[in-house]
Amino acid sequence: MQCKRCGHDKIEVVRRCRQVRLRCESCGKEHKIHELAAELDEETEKELERHSSIIYD
């Protein structure tokens, strides 16, 4: 996946106590999962599958 802000090609999954976010490793921009759900690549989807519950806020 590419960051919409800077174009960097690595978005990481960040797990916090009550939420999961997608964050650009380059510029640090964070996205809620529903903001990028239609654009998730296979690698990111597999990473998200590891989390038993995801809170959308």
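Of the 57 residues of this chain, 30% count as buried, where buried means under 20% relative accessible area, exposed means over 50%, and partly exposed lies in between, with a 1.4 Å probe and protein chains only. I should say early that this is a predicted model, in which local features need pLDDT of at least 70 and side-chain atom pairs count only at pLDDT 80 or more, while totals for chains, interfaces and linings use all residues. Residues are numbered from 1 along each chain as its sequence is written, and side-chain values use heavy atoms, with hydrogens and water left out.

The chain has 2 helices and 3 strands, in the order β-β-β-α-α along the sequence; these are DSSP runs, helices being H or I of at least four residues and strands E of at least two, numbered from the N terminus.

Now to the interior. The largest nonpolar core, a set of buried Ala, Val, Leu, Ile, Met, Phe, Trp, Tyr and Cys residues joined through side-chain atoms within 4.5 Å, has 11 residues, among them Met1, Val20, Leu22, Leu40 and Leu48. Its largest share, 3 residues, comes from strand 2. Leaving aside neighbours within four places in sequence, Leu40 is in contact with Met1, Leu22, Glu45 and Leu48, contact meaning heavy atoms within 4.5 Å.

Finally, the cysteines. With a disulfide taken as a pair of cysteine sulfur atoms within 2.5 Å, the count comes to 0. For Cys6, the nearest cysteine sulfur, that of Cys24, is 3.6 Å away, and Cys6 is partly exposed, at 39% relative accessible area. The sulfur of Cys27 is 3.7 Å from the closest cysteine sulfur, in Cys3, and is therefore too far for a bond.
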